[in-house]
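Grab your favourite viewer and work through a few short exercises. Try each task yourself before you read its solution.

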Amino acid sequence: MIGLLMTQDIENNLDVYGFLSNIYGVNVYDVDKPLQRILQHFLGKSPSLHGLGGFAGRDLLEVTDYVDKVSRPRHIMWDVNGNRVDRVWLNPAERYAIEKLVLDFGINKPPYHSGSWHEHYAMGFLVSDPGLYCIITITIQTAYAFHKYGDDELRRYVPRLIGDERPIGFGATWFTEIQGGSDLGANTTVAKRDSGKWRLYGDKYFASGVGLADIALTSARPEGGRAGAKGLALFAVPRLDSGGNLNFIVRRLKEKSGTNSVPTGEIEFHGTEAYLVGDPSNGIYYIMEDLMVSRLSNAIGAVGVARKAYLEAYEYVNRRRAFGKLLIEHPLVIRDLMDMEVTLEGSMALVFKAINEFDKTWHNKPPYNDHYHYARLLTHIAKNVTADAAAYVTRLAMELYGGIGFLSEYPIERWHREALITPIWEGTSNIQALDMLEAMTKKNAHVTMLNDIENTVAEIKTYHGIAESAMNVIRNTLQLTSSLSPLEVEFRAKDMLSLLGHAIAVITLAHIADRLGIDRYALVAELYLEKHLQGGYKIGSHDLGRKIINIEEG
């Protein structure tokens, strides 16, 4: 008997993480029917992501938690022979995980091959560790800019960045400076021409992917250029200059509350060789376009983090007993789970609607057409709504765990920490609200939005009433905006953004229910409408909640 127990213990020795996480070993794609249905709605099929779902629910779950708690990236400033190298040393398991995501699962390939942005972002949802997915995102952002606006020299990087060639390459996007933050117009990095080459002078304060990137995108103002954001150009900066020497200095790595899988540091440019990307007069437009890619990553990553927290909490309340019965049998716990699931599915529908519009317009170039501005408008809205949802859902998941949820040894605490970066990364909620207003007032993007959403509502037959209620919120919000002073509009901008986002989420959910013929999604749409747009759930929601909290049956 002792021999049998020893054999079982040895067999389980590599699965110690299962003692900490209730979802370790779960295929996070197979159990997530809402994700599969949303992809079916927008793509007409559910992509085959079974393999990634298994990897994300087992190896990736353990690796990212271990990196966060035990083995964060290290800055290697000098090599053994006394040469300055400024490289970052990753935990070998993290390096293996990134290579597997890029090479085996092809996370960065879909937009450039037969797939679409929907598939890239669906894979990002399954990865959902913000730090690790940041490394993937800044790499695909670099590939995006080179593919679309780079010359032949820069385009040669694309196959390695998207995983078509081995070894894989890493990209990065370094725009932020300490004196400006999200105010890119305050950037002071200067680009000067020297013997036919561009050279950069200045520094970047938040440089994610530092020490990993083979080549990075950065903003700089050509010497003598106009002030403000429109005077910025986009440059590519390789790690080594044309002579094979280190091209810039890594000052240090940052100590962060979360996102520890990605090294974030400070960069110094001292005559750094750089390559101009596209037309210098369009630099700010290229930068903002590239930020659309990462803002959608931020949005889908936020929902992915919230989903992991939900799964952990759902499993916990089905095992934990209190006051003589399982937690799942208490009405208030059902309410919390319903709240989380409704918020999650509405947010997921919203971000995939934004991804869908981006997928239709990403080949568009300056001067952009109306549909591109509409896609950008949706990106600002989705980024904000999903970030709020992630912070809320992960906090509620921690609360369901009680005091255990606050202990850093268990993963539920990390999911909340990771969620808190999503309202900040790629522009805070205030920035998203202001950019939304700019898209509306200068580009009339809301007109295209109104036409598209009206047409969607007209298509919905069985659940038209739910969709029409949300459509009225959109109409009323836009009508109110037109009657207010510019200062009052700006003061209310975040409220407007939330109302528009919640309403579009409801309509998208109703559209899914109507097209796929699945009543459950109409139920979620109705509950989302009540919670976010009508002041709270109506009587009878307790019974409805039981019908939607098991997502495996969704």
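The exercises below deal with a predicted model, so keep that in mind as you go.

**Exercise 1. Work out which side of helix 15 is buried, and what covers it.**

Solution.
- Step 1: Find the helix. Helix 15 runs over residues 445-459, so to speak a stretch of 15 residues. From its first C-alpha to its last it reaches 22 Å, close to the 21 Å expected at 1.5 Å a residue.
- Step 2: Pick out the buried residues, using the cut-off of under 20% relative accessible area. In helix 15 they are Ala445, Thr448, Met449, Asp452, Ile453, Thr456 and Val457.
- Step 3: Ask how they sit around the axis. These residues cover an arc of only 165°, so they lie on the same side of helix 15. The general rule behind such a pattern is that an α-helix has 3.6 residues a turn, so residues three or four places apart point the same way.
- Step 4: Look at what lies over them. The cover includes helix 11 (331-361), helix 12 (370-401) and helix 14 (429-441), along with helix 16 (464-483) and helix 18 (493-516).

**Exercise 2. Locate the cis peptide bonds that lead into Pro167 and Pro367.**

Solution.
- Step 1: Recall the background: most peptide bonds are trans.
- Step 2: Check omega from Arg166 to Pro167. The bond is cis, with omega near -5°. Pro167 sits in the loop between helix 9 (158-162) and strand 3 (171-174).
- Step 3: Do likewise for Pro366 and Pro367. A cis bond joins this pair, with omega about -5°. Here the loop holding Pro367 is the one between helix 11 and helix 12.

**Exercise 3. Thr259 and Asn444 have positive phi values; decide for each whether it is buried, partly exposed or exposed.**

Solution.
- Step 1: Start from the norm, which is that most residues other than glycine have a negative phi.
- Step 2: Take Thr259, with phi near 50°. This threonine lies in the loop between strand 8 (249-253) and strand 9 (264-276). Its relative accessibility is 5%, so Thr259 counts as buried.
- Step 3: Take Asn444, with phi near 55°. Asn444 is in the loop between helix 14 and helix 15. With a relative accessible area of 43%, Asn444 is partly exposed.

**Exercise 4. Describe the fold content of the UniProt domain at residues 24-160.**

Solution.
- Step 1: Read the record. An unreviewed UniProt entry lists residues 24-160 as "domain: Adaptive response protein AidB N-terminal".
- Step 2: Tally the secondary structure. Residues 24-160 are 58% helix and 8% strand.
- Step 3: Check the ends. The end C-alpha atoms of this stretch are 32 Å apart.

Methods: Residues numbered from 1 in each chain as written. Predicted model: local features only at pLDDT ≥ 70, side-chain atom pairs only at ≥ 80, totals over all residues. Heavy atoms only, no water. Helix = DSSP H or I, 4+ residues; strand = E, 2+ residues; numbered from the N terminus. Expected span 1.5 Å × (residues − 1). Buried < 20%, exposed > 50% of the residue type's maximum accessible area, 1.4 Å probe, protein only. Arc of directions from axis to C-beta. Contact = heavy atoms within 4.5 Å. UniProt positions renumbered as here; feature names shortened; annotations may be inferred.
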